[in-house]
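Please look through this protein with its enclosed spaces in mind, and then follow the path outwards to the open ones. The paragraphs below are meant to be read with the structure in view.

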Amino acid sequence: MIKLSNTGAYLLNGTEIVECNGEEQAALTAKTGSFVSKEEAAKNTMAYKILESHNTSETMDKLMIKFDKLTSHDITFVGIIQTARASGLQKFPIPYVLTNCHNSLCAVGGTINEDDHMFGLSCAKKYGGVYVPPHQAVIHQYAREMLAGGGKMILGSDSHTRYGALGTMAMGEGGPELVKQLLEQTYDINMPEVVAIYMTGEPAKGVGPQDIALAIIGAVFANGYVKNKVMEFVGPGVSSLSADFRIGVDVMTTETTCLSSIWRTDEKIQEFYEIHGRSEDYKELNPGQTAYYNGVVYVDLSEIKPMIAMPFHPSNTYTIEELNANLLDILHDVEKKALISLDGKVDYKLTDKVRDGKLYVEQGIIAGCAGGGFENICDAADILKGRSIGSDEFTLSVYPASTPIYVELARNGKLADLLATGAIVKTAFCGPCFGAGDTPANNAFSIRHSTRNFPNREGSKLQNGQISSVALMDARSIAATAANKGFLTAATDLDMEYTSPKYHFDKSIYENRVFDSKGVADASVEIKFGPNIKDWPEMIALTENLVLKVVSEIHDPVTTTDELIPSGETSSYRSNPLGLAEFALSRKDPDYVGRAKEVQAAEKAREAGNCPAEVLPELEAVMDVIKKEFDVNRETIGIGSTIYAVKPGDGSAREQAASCQKVLGGWANIAKEYATKRYRSNLINWGMLPFIYEEEKLPFKNGDYIFVPEIIKSIKEKSTEIEAYVVKEDRLEKFVLKMGELTDDERDIILKGCLINYNKK
């Protein structure tokens with residue numbers, strides 16, 4: 001089904017793979033008449049060519065990228081614009097689209113969500129942007145329909161910013177990286193490795209894009225095969241997939257922890273642009289005659305069966321056939337893993353979902369940037385036509401990804417077919433993906449064609465004794481399950497003929513409703529500030545030495561950004577840095593905020609010229625031990641907090657996973673490794689030190705103090721190993737923290753305390 005190469009490989013003429021097994025030179029010469037080195041052939045990937053055309057540095061080893069367009073939604077654009085304003089923003093220098101698809105319900109916190117929307121509209125007018133009102137489109141569908149272009153690059157403040165299927169290299173990053181683009185700075189990365197996703201065959205009837213995506217994720221996530229690399233989709237199998245199908249696979253590449261994605265394009269992608277009235281934005285993309293890749297993921301599309309990703313990660317994958325054949329064993333295994341994910345805080349059961357030997361689920365959702373596409377919904381409607389979802393616990397909700405899709409479903413009759421079954425069809429909204437809509441009942445089990453199924457991602461609250469959970473599936477198998485009234489069923493088990501209606505895009509829907517400044521800024525416009533929209537608090541520069549108290553210790557194999565700052569209703573407070581910070585780690589470590597605030601109070605006392613130990617008495621003994629060996633004083637030693645996590649930062653690009661820690665006085669993270677590049681970048685942009693400690697046995701524990709001497713000197717001298725000390729009752733115990741590569745700008749950001757300080761004139 002999926003196979004991974006153990007070596008790099010050459011792709012010849014876009015169709016034939018030659019793995020680097022020591023005999024590739026002879027093989028290449030025999031097939032092409034010449035030998036091309038890996039270095040030269042690597043320049044023939046589509047990824048290299050696009051990155052090269054957007055790179056402003058003098059070398060392709062150290063990239064300094066300027067993007068063509070930016071996009072954000074209403075959880076992120078307020079903080080981004082506020083940060084840019086603090087640094088002197090006058091005008092959006094490139095097209096910047098502000099969508100409103102996350103805090104769309106306006107149901108939590110009174111007026112605050114709609115206040116954010118009005119802030120966005122006024123900023124689009126003032127700075128020359130585009131504003132997409134709530135319920136018109138989810139961020140990524142609007143980008144596909146209106147922004148993508150062959151050979152272009154888009155940066156978005158949402159982790160699922162992926163438009164590779166349309167020939168656009170897109171990346172999801174934390175807000176500060178968009179701020180840099182708004183200030184005409186660059187996105188600085190080392191040239192990433194590129195992995196070929198080599199597709200052959202064609203999917204069986206009933207197999208959808210989520211099935212292909214989950215099969216790939218299951219094969220590459222745990223081993224980090226594509227981590228921080230570009231996934232390049234090639235091979236003859238690509239041509240068997242429609243544009244919508246490719247888009248559905250592509251958006252899920254985020255869950256592999258890759259950096260970005262790009263696909264070869266053809267007449268089906270050309271037709272997509274023509275349908276959307278943008279034929280001039282199509283560009284044919286193919287790798288060169290001989291292209292070198294750092295690895296190969298072989299995907300035989302014909303072998304992939306309907307898949308399911310069980311709680312609590314998209315990589316926890318099985319075929320539905322395998323799950324049904326080994327039902328109790330797999331459910332027991334999920335329950336066992338849940339003891340780690342949920343810290344044993346609630347009694348989590350799935351085995352009680354087995355009825356007469358079949359798995360019963362209470363909810364189905366087809367939604368958002370992954371599930372809400374036209375073809376997904378049409379195929380689901382075909383499966384359900386003339387059937388009923390029943391009158392028991394099972395419910396089905398469908399969210400078309402944009403109003404143009406919704407209108408076309410109404411015009412071609414699929415909307416009526418769905419509604420007649422008992423399904424509910426709602427407006428474009430990302431809520432089911434991050435816990436702001438369709439939260440199931442306690443102990444309920446939901447199947448969703450959405451992007452993630454992390455703990456509590458569906459909206460339940462462990463701290464209130466609630467737990468429900470999500471499995472990811474394709475829309476077709478969700479519809480088959482709905483047709484079977486909630487009993488898990490693969491779409492391939494049904495004898496179906498799909499109608500595959502043609503899509504017609506109605507551009508007037510956006511022309512009538514979307515505000516587009518056409519890039520013209522109007523400085524006379526007053527920005528509308530609701531009472532919840534707050535400026536970032538002042539942040540000081542890094543001090544010569546640091547005392548860090550460990551205020552949370554997390555030993556889960558992976559810690560998601562949802563666990564660092566929960567989604568759901570907390571999203572309504574993301575325009576209020578201090579208000580949002582109150583929720584930091586609230587579902588993972590409810591005591592974190594209180595511990596961090598105690599340390600922060602001591603630092604505030606120090607900054608005011610007072611004695612920190614008067615606020616936090618335990619510091620007196622800590623400082624006494626440090627002063628036995630080091631000449632430090634109140635002016636030269638800052639006091640902050642840190643957390644330890646094995647592998648933090650999987651999942652969302654949300655900068656708040658880092659900024660909330662900073663707002664609460666955090667100065668560092670310590671990790672065995674960082675799950676994603678974007679989380680590490682968020683830490684750096686908020687002036688936090690991304691320390692690495694690779695050993696299994698920690699020299700410190702929760703509640704310990706760590707002294708880091710001469711940290712400014714270490715950063716300036718580009719030290720990769722930094723001496724630190726655990727403060728014991730009567731001595732200092734030395735250990736070594738590592739610091740990965742930092743650019744000169746990143747070092748300066750850390751030294752100055754955050755990106756805002758770095759950009760202050």
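The second largest cavity is lined by Gln 141, Arg 144, Asp 244, Ile 247, Gly 248, Cys 369, Ala 370, Gly 373, Glu 375 and Asn 376. A cavity here is a set of points, on a 1 Å grid over the protein atoms alone, where a 1.4 Å probe fits but cannot get out, and a lining residue has an atom within 4 Å of a point. This second largest cavity has a volume of about 80 Å³, where a volume is the space filled by probe spheres set on the points, and grid points are joined across faces, edges and corners. The model is a predicted one, in which local features need pLDDT of at least 70 and side-chain atom pairs count only at pLDDT 80 or more, while totals for chains, interfaces and linings use all residues. Residues are numbered from 1 along each chain as its sequence is written, and side-chain values use heavy atoms, with hydrogens and water left out.

Helix 6, helix 9 (243–250), helix 13 and helix 14 (374–384) each supply at least two residues to the lining of the second largest cavity, and helix 9 gives the most, with three residues. Helices (H or I, at least four residues) and strands (E, at least two) are DSSP runs, numbered from the N terminus. By class, this lining divides into three nonpolar, four polar and three charged residues; Ala, Val, Leu, Ile, Met, Phe, Trp, Tyr, Cys and Pro count as nonpolar, Asp, Glu, Lys and Arg as charged, and the others, Gly among them, as polar.

Helix 9 deserves a look of its own. Seven of its eight residues are buried, a word that stands for under 20% relative accessible area, with exposed meaning over 50% and partly exposed in between (1.4 Å probe, protein chains only). The buried residues of helix 9 are Ala 243, Phe 245, Arg 246, Ile 247, Gly 248, Val 249 and Asp 250, and they pack against helix 6, helix 8 (209–220), strand 12 (230–234), strand 13 (260–263), helix 10 (267–275) and helix 14.

A search of the whole structure finds seven cavities of 30 Å³ or more, and the largest of them has a volume of about 240 Å³. The largest cavity is lined by 27 residues, of which His 102, Asp 158, His 160, Cys 433 and Arg 457 lie nearest its centre. Helix 6 (139–146), helix 13 (368–371) and helix 17 (431–434) each supply at least two residues of this lining, and helix 13 gives the most, with three.

His 102 also leads to Asp 74, which sits in the loop between strand 5 (69–72) and helix 4 (77–86). Asp 74 is buried, with a relative accessible area of 1%. Leaving aside neighbours within four places in sequence, Asp 74 is in contact with Thr 99, Asn 100, Cys 101, His 102, Asn 103, Ser 104, Asp 116 and His 117, where contact means heavy atoms within 4.5 Å. The side chain of Asp 74 makes a polar contact with the side chain of His 117 (2.8 Å), and a polar atom of the side chain of Asp 74 lies 2.9 Å from the backbone nitrogen of His 102. A polar contact is a pair of N or O atoms within 3.5 Å; within protein, one must be able to donate a hydrogen and the other to accept it, and residues adjacent in sequence count only if both atoms are side-chain atoms.

Cys 101, one of the contacts of Asp 74, raises the topic of disulfides. How many disulfides are there? The count comes to zero, with a disulfide taken as a pair of cysteine sulfur atoms within 2.5 Å. The sulfur of Cys 430 is 3.7 Å from the closest cysteine sulfur, in Cys 101, and is therefore too far for a bond. The sulfur of Cys 754 is 14 Å from its closest cysteine sulfur, in Cys 660, again too far for a bond.

Finally, there are the pockets, each an open set of points with protein on both sides within 12 Å along at least five of seven lines. The largest pocket has a volume of about 820 Å³, and of the 33 residues that line it, the closest to its centre are Ile 189, Asn 190, Lys 677, Arg 680 and Glu 741. The lining of the largest pocket divides into 10 nonpolar, seven polar and 16 charged residues.
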